[in-house]
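Q: Could you take me through one part of this model in some detail? I'd like a close look at the place where the domains meet and at what sits around the ligands there.

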Amino acid sequence: MLRTSFGSRLLSTSRKSVSVVGSGPSGFYTVCRLLAKSKESLDVTLWEKLPVPFGLSRYGVAPDHPEVKNCEDTFTRCAEEFQTENAAGHKFRFIGNVDIGKDIKLKQLLDCQNAVILSYGCGGDHKLNIPGEDTTNGVFTSREVVSWYNGHPSFAGNEKLNNFDWSRVKRVGIIGNGNVALDLARILLSNQVSEIWAQTDINPLALEKLRTAPIEEVKLIARRDFLHSKFTNKEFRELWELERFGIRGVIRPEFLNLHKLGEASSDRVLKRRIEMITEYMLPFDQRTKKNYKKHRPPEHGLNRQWEMDYLKTPIKVNCNAAGKLNSLTVCDNKMTVDNRVELLSNQTQDYELDVLITSLGYGSNPLDEFKSLDIGFVRNHVANSRGAVLNTENEVIPGLYAAGWIRKGSSGVIASTMADAFEVADTVLQELSTFQPRKNSAIDVAHHTFTTWNDWLKLDAEERRRGREQGKPREKFLSADEMLEFLNKK
Ligand SMILES: Cc1cc2nc3c(=O)[nH]c(=O)nc-3n(C[C@H](O)[C@H](O)[C@H](O)COP(=O)(O)OP(=O)(O)OC[C@H]3O[C@@H](n4cnc5c(N)ncnc54)[C@H](O)[C@@H]3O)c2cc1C
Ligand SMILES: NC(=O)c1ccc[n+]([C@@H]2O[C@H](COP(=O)([O-])OP(=O)(O)OC[C@H]3O[C@@H](n4cnc5c(N)ncnc54)[C@H](OP(=O)(O)O)[C@@H]3O)[C@@H](O)[C@H]2O)c1
């Protein structure tokens, strides 16, 4: 399996050199900007833990949203353009299957590069920290489920998800109402609609399991009120539009005072949201706007549902004697005038559930070396000032930057991640001439298996070929070993 395509010495160059750690949207947009804008000859290396690039564009974005993955075409054009040194003397290199911090130390990179940009995203979970959350069979985090159905190499074979008995799942609770929670609700409720899934690159093993689930209800449980819903309107509309498959939306009137909210607000987004609820809650033929009458619900009516629940704090996960989930205890809340959540502690209720998914945003982690290198890490992101990484004394560490989700925490769509990456790349380019000379010229990597951009192209072509046979855009490799084995045979 050993493929040292680079020989034993890596990154030796006479040009200014920048390494970017993590090849998701923030890393790749940073690379594209550096290469497009640098006036000085530049060597840019993009490191990726997995054998393949693109981060959450490939392993987060929902399989039924292929248009969102168009950013991958931009990244591919950039990689192709700069893979061989161009007229300006710029050169790009992708090095996959390297976990920076483990396989190669961050210190090694810092010593042999003029600048390093951390763009390794948020690869962890947030916790509710309530009894039963970690020990109950049937409780998953959003990252586990999303990575599983997207065929992420570390999750496609996940035993907890694969061995779970999905065929008994009728009621699902999701904590949180961000867009990831809405992705999950849409995917779970449309699990049996093959016209959606047959043409996607969803992990077929996950789909096979999910298909067996006779899901009747998905409840999205938020701790705050309707006004503080985290989802966006486009994704909200997609949920309502599931009515064409017999799936109804429910928001109890006590959580809505639409007329009052609408009148009180000049917020265009809120007004549109209120219009959406008002129209979709009317029987189909009584709707006033064409926009809400695109697809007539099926003859047999609406027999499954999603429900937006508000002002509840989860306090305990309850299981049966076999350790399997049977309910979630929640406590009623009220919002204070300064928009905090206050528990009404004598008002609790139990929701019977077969699966509970915590969708609280993704969590990030410092690399192990942050301590020895005195790199600051605060509240779910690398300490930084406009992308320049700070030490624990809040001083700028020369030559070290952060972009994307690891810079700000797990918030922002691909467009805002792009803007963030461009800002950081521009700062790096402005400061390029001030960087210290490199301490070392190369890294000794004799015993590691890398993947290159050309390797990715081979994997990509094979995934597309396998997909074509089944009328899908691609069928993904489901483990890193399978990818490396395929490349070894080529
Ligand atoms: C479930 C989900 C669905 C989403 N859907 C949409 C959508 O429909 N539309 C939209 O606009 N936005 C969507 N987003 C948001 C979008 O995915 C993010 O804005 C974007 O991916 C953040 O980019 P990033 O590069 O900072 O992080 P990531 O995309 O997470 O990329 C980080 C990369 O770093 C790699 N890495 C991690 N550790 C190391 C290491 N030690 N060494 C080397 N490499 C490492 C990871 O493998 C990964 O490839 C979604 C997010 C999620 C979670
Ligand atoms: N189609 C798309 O464009 C798309 C799809 C998916 C994701 N994304 C983007 O990716 C980013 C991440 O999305 P996300 O849904 O993972 O995160 P998010 O938008 O931050 O939503 C997290 C949800 O979890 C709740 N929460 C957090 N901690 C909690 C706790 N301890 N107890 C109870 N509830 C808690 C939050 O409630 P509070 O609001 O009360 O904190 C919120 O409802 C967002 O910017 C999103 O827009 C975009």
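A: **Where the domains meet**

Between them, domain 1 and domain 2 bury about 1900 Å², and carbon and sulfur atoms supply 56% of that area. On the domain 1 side, the residues that give up the most area to domain 2 are Tyr59, Pro63 and Leu478, which together make up 33% of what that side buries. Bear in mind that you're looking at a predicted model.

As for the bounds, the domain assignment splits the protein into domain 1 (9-123 + 364-489) and domain 2 (126-358). Domain 1 is thus written as two stretches of sequence, 9-123 and 364-489. Taken over C-alpha atoms, the domain centres are 33 Å apart. Each side puts residues into the contact: 24 from domain 1 and 24 from domain 2.

Now for the ligands, starting with ligand 1. Its shell takes at least three residues from domain 1 and at least three from domain 2. There are 30 residues around ligand 1, and the ones that come nearest are Ser26, Glu48, Gly412, Ile414 and Thr417. Sorted by class, that shell holds 14 nonpolar, twelve polar and four charged residues.

If you zoom in on individual atoms, you'll find polar contacts from both backbone and side chain. Leu56 brings a backbone N or O atom to 2.9 Å from an oxygen atom of ligand 1. Pro25 also uses a polar backbone atom, 3.4 Å from an oxygen atom of the ligand. With Asp99 it's the side chain: one of its polar atoms sits 2.9 Å from a nitrogen atom of ligand 1. On its own, ligand 1 has 1000 Å² of accessible area, and the protein covers 90% of it. The elements that give two or more residues to this shell are α1 (25-37), α2 (55-59), α7 (179-189) and α14 (414-431). The largest share, three residues, comes from α1.

Next, ligand 2. Here 20 residues make up the surroundings, with Asn177, Arg223, Arg224, Glu235 and Gly412 the closest. Gly412 is also listed among the residues that come nearest to ligand 1. The shell around ligand 2 likewise draws on the two domains, with at least three residues from each of domain 1 and domain 2. Its make-up by class is six nonpolar, nine polar and five charged residues.

The polar contacts of ligand 2 are worth clicking through too. Arg223 places a polar side-chain atom 2.8 Å from an oxygen atom of the ligand. Asn177 does it from the backbone, with a polar atom 3.0 Å from an oxygen atom of ligand 2. For Asn179, an N or O atom in the side chain is 3.1 Å from an oxygen atom of the ligand. Of the 920 Å² of accessible area that ligand 2 has on its own, the protein covers 79%. The largest share of this shell, three residues, comes from α7, and α7 (179-189) is also one of the elements giving two or more residues to the shell around ligand 1.

Technical notes
Residues are numbered from 1 along each chain as its sequence is written. Chains are lettered from A and ligands numbered from 1 in the order in which they are written. This is a predicted model: local features need pLDDT of at least 70, side-chain atom pairs count only at pLDDT 80 or more; totals for chains, interfaces and linings use all residues. Side-chain values use heavy atoms; hydrogens and water are left out. A residue is near a molecule or strand if one of its heavy atoms lies within 4 Å of it. A polar contact is a pair of N or O atoms within 3.5 Å; within protein, one must be able to donate a hydrogen and the other to accept it, and residues adjacent in sequence count only if both atoms are side-chain atoms. Accessible areas come from the Shrake-Rupley method with a 1.4 Å probe; for residues, only the protein chains shown count as cover. Helices (H or I, at least four residues) and strands (E, at least two) are DSSP runs, numbered from the N terminus. Ala, Val, Leu, Ile, Met, Phe, Trp, Tyr, Cys and Pro count as nonpolar, Asp, Glu, Lys and Arg as charged, and the others, Gly among them, as polar. Domain bounds come from an automatic or database domain assignment. Contact means heavy atoms within 4.5 Å. Buried area is the accessible area (1.4 Å probe) that two parts lose on being put together, summed over both.
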